[in-house]
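Trainee: Before I rely on the terms used for this structure, I would like to go through them one by one and hear what each rests on.
Mentor: Then let us look at the structure together and set each term against its criterion.

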Amino acid sequence: MANSLHSSTSISHVGFSSQFLGSNLGSKASVSVSFPSSHTNYSLKSVEILRQQSYRISAMSKVESSSFEQVKVDISLSPRVNSVKPSKTVAITDHATALVQAGIPVIRLAAGEPDFDTPAVIAEAGINAIREGYTRYTPNAGTLELRTAICHKLKEENGISYTPDQILVSNGAKQSIIQAVLAVCSPGDEVIIPAPYWVSYPEMARLADATPVILPTLISENFLLDPKLLESKITEKSRLLILCSPSNPTGSVYPKKLLERFAEIVAKHPRLLVLSDEMYEHIIYAPATHTSFASLPGMWERTLTVNGFSKAFAMTGWRLGYIAGPKHFVAACNKIQSQYTSGASSISQKAGVAALGLGYAGGEAVSTMVKAFRERQDFLVKSLGELEGVKISEPQGAFYLFIDFSSYYGIEAEGFGKIENSESLCRYLLDRAQVALVPGDAFGDDTCVRISYAASLTTLQAAFERIKKALISLRPAVPV
C-alpha cells in the first residue's frame, strides 16, 4: 500500500526546527522524525500530516517561549531558612566519602557513627518484622510495646518514672530535639547552649525564631560549664537550657554534684526548662557515671529527656529516637510530629524493643563496643599527647576527642598557604594527610578539632601516622 510505512534497518531522517524551551530561549533545536529508508514507499499525505504537526510544535513553542520570557520566578527563601547554617559534620563527611569514591584513600574520622554492625539480635528483630508483615503505620507516638519498654528502661537505669503517654518515639533523636525546641520556644526566647556544642543546637534555636546564647567553657576545666557563668546569663527571656552529657564533641561527662548545682540555679527561674541530651549515656568510661537531669530533685517537671538507639546500639541508619517528659510538653511535640513525619518506622520500632531487651545498659553487646572505644581512646590520647603543641582533655564518654591544635595557627605551610584557624587546619590535613576531621568552629570553639574514634584501631593508627607526618612539617607558632 502506498501509504504504508514498512520497517527497515536503514533509517533516514527529516528534521524540523522549533524554538527550544530552556534557559537559552534564542537557540534552535531540531525535532527529528525517523522514516524508513528511501526504497520504502510512503504517500504525500503522510508527509503533509507530519509537516503540519511540526508547524504546530513550532507555534506552541513560540507561544510558550513568549509567556516564559514575561514571567520572572521568585526564588527567594524564607528568612528563617536563610538564618540557618548547613551542618559542617554532614558536609565534611559527604566530601570525604566523595573523595573515597573517586579513588582517593581518605581516612574518614568526621562522622559520629559507630563502625560496628547492629547487634545480630536487633537486626533479626527487624528482619522478622518484615517477614511477618509488620510493615504498616504505627501510632504517631510510637507503638505501645516500645514506649512501655522505654518507660521500663528509664525507671531501671535512670531512676525516672514515666507512663507511655509521656513518651514520643521519633525518626531519630535529632527530630526529638528540634520538635522540643519548636514546641516550647517562642520568637525572641533565648536558648542557653554551653560550648563546645553539638552543631545542630544553635540552628535549631534559630529555626524556632529563638536566640542561641552561647556560654564558653575551657579545656583546662574539661569543657564543663561554670555554674556562675550560667547564673549570670539567665534573663527573663531564657526559655531552654540544653545539656549534653556525655558530650558531643568533647566527651566530657557532667558529675552529679555539678548537675545538682545547675538544678539549684534552674529552680529559681520558673520559665526555664532543660533539654537533657543523653544519647551517649551508655558509652561512658569508669570511673565516670551518668546522671539523668530529670532524676534530680524538682527537675522532673521541667526536664525534657532525649535519647535514642543510634550510638550505643550501632543503629544510626535505623533512625530511632525518643523524648520523655511531662505530658503537656510531649503532647505538643506529638502534635508537631503528626504534621511532619508521622510515626517512626514500624520495623525500626520492633528492632528498638529488641535493643532494650538486651539487658541493663545494653548488656554484653554494648559493653563489648564500649571496651573497644576505650582502647581506641587510650591509644589516641597517648599518641596525640606526645605531639608538640597539642592540648588534650581526656574524654570520659562518647567516642570523640576535641583537641586544641591552635599552636599551629599562623604557620605558613609550603604549597598550601597559611593555617589560620580550625577550618584551614582541617583542609591542610585533608590535603596533606588525607584524613578527614571536623573543625572546632562548627562546635563553637575554633581552637580545637574533633576526631571521631568510631573506627578500627588499625585505621586510627594509620590516621595518626599521617597526621603526625603532616604536623611535623610545621613548627608550632607557640611552644607548649
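Trainee: What covers the buried residues of α12?
Mentor: Bearing in mind that this is a predicted model, the elements that cover the buried residues of α12 include β11 (400-404), β16 (448-452) and α14 (457-472). The buried residues of α12 include G363, V366, M369, V370, F373, L380 and L384.

Trainee: How do you know that the 23 residues of α12 agree with the span expected at 1.5 Å a residue?
Mentor: At that rise α12 should span 33 Å, and its end C-alpha atoms lie 32 Å apart, so the two values agree.

Trainee: What makes a set of residues a nonpolar core, and which helix gives the largest share of the largest one?
Mentor: The members have to be buried nonpolar residues joined through side-chain atoms within 4.5 Å. The largest such core has 111 residues, and those with the most contacts inside it are L109, I167, L240, L425, L429, L437 and L471. Its largest share, seven residues, comes from helix α12 (residues 363-385). Another core, of 21 residues, lies apart from it and has L215, L224, L225 and L258 among its members.

Trainee: Which residues does L429 touch, leaving aside those up to four places away in sequence?
Mentor: With that exclusion, L429 touches Q434, V435, L437, I467, A470 and L471.

Trainee: Why is strand β8 called largely enclosed by the rest of the structure?
Mentor: A residue is called buried when its relative accessible area is under 20%, and five of the five residues of β8 (residues 273-277) are buried, so the strand is largely enclosed. L273, L275 and D277 point one way from β8, while V274 and S276 point the other way, and all are buried. In general, side chains in a regular strand alternate between the two faces of the sheet.

Trainee: How do you know that β8 pairs with β7 and with β9?
Mentor: Pairing requires at least two bridges between the strands. Strand β7 (residues 238-244) is joined to β8 by five bridges, the two running parallel, and four bridges link β8 to strand β9 (residues 303-308), again in the parallel sense. Along the contact with β7, L240 stands opposite L273, L243 has S276 as its bridge partner, and C244 stands opposite D277. On the β9 side, V274 stands opposite T303.

Trainee: What makes β4 and β6 the edge strands?
Mentor: Each of β4 (167-170) and β6 (211-216) pairs on one side only. They stand at the two ends of an open sheet of seven strands with mixed pairing, in the order β4-β10-β9-β8-β7-β5-β6. From one strand to the next the twist averages 20°. Within this order, strand β5 (residues 190-195) pairs with β7 in the parallel sense over three bridges, where E190 stands opposite S238.

Trainee: Which strands does helix α6 lie across?
Mentor: Helix α6 (residues 173-184) lies across β4, β7, β8, β9 and β10 (321-324), and runs at about 160° to β9.

Trainee: Why is K85 called exposed?
Mentor: The term applies over 50% relative accessible area, and K85 has 54%, so K85 is exposed. K85 lies in the loop between α2 (79-82) and α3 (88-101). K85 and P202 are 117 residues apart in sequence, and their C-alpha atoms are 9.3 Å apart in space.

Note on methods: Residues numbered from 1 in each chain as written. Predicted model: local features only at pLDDT ≥ 70, side-chain atom pairs only at ≥ 80, totals over all residues. Heavy atoms only, no water. Buried < 20%, exposed > 50% of the residue type's maximum accessible area, 1.4 Å probe, protein only. Contact = heavy atoms within 4.5 Å. Axes fitted to C-alpha atoms, helices over the stretch in contact; angles between N-to-C directions. Expected span 1.5 Å × (residues − 1).
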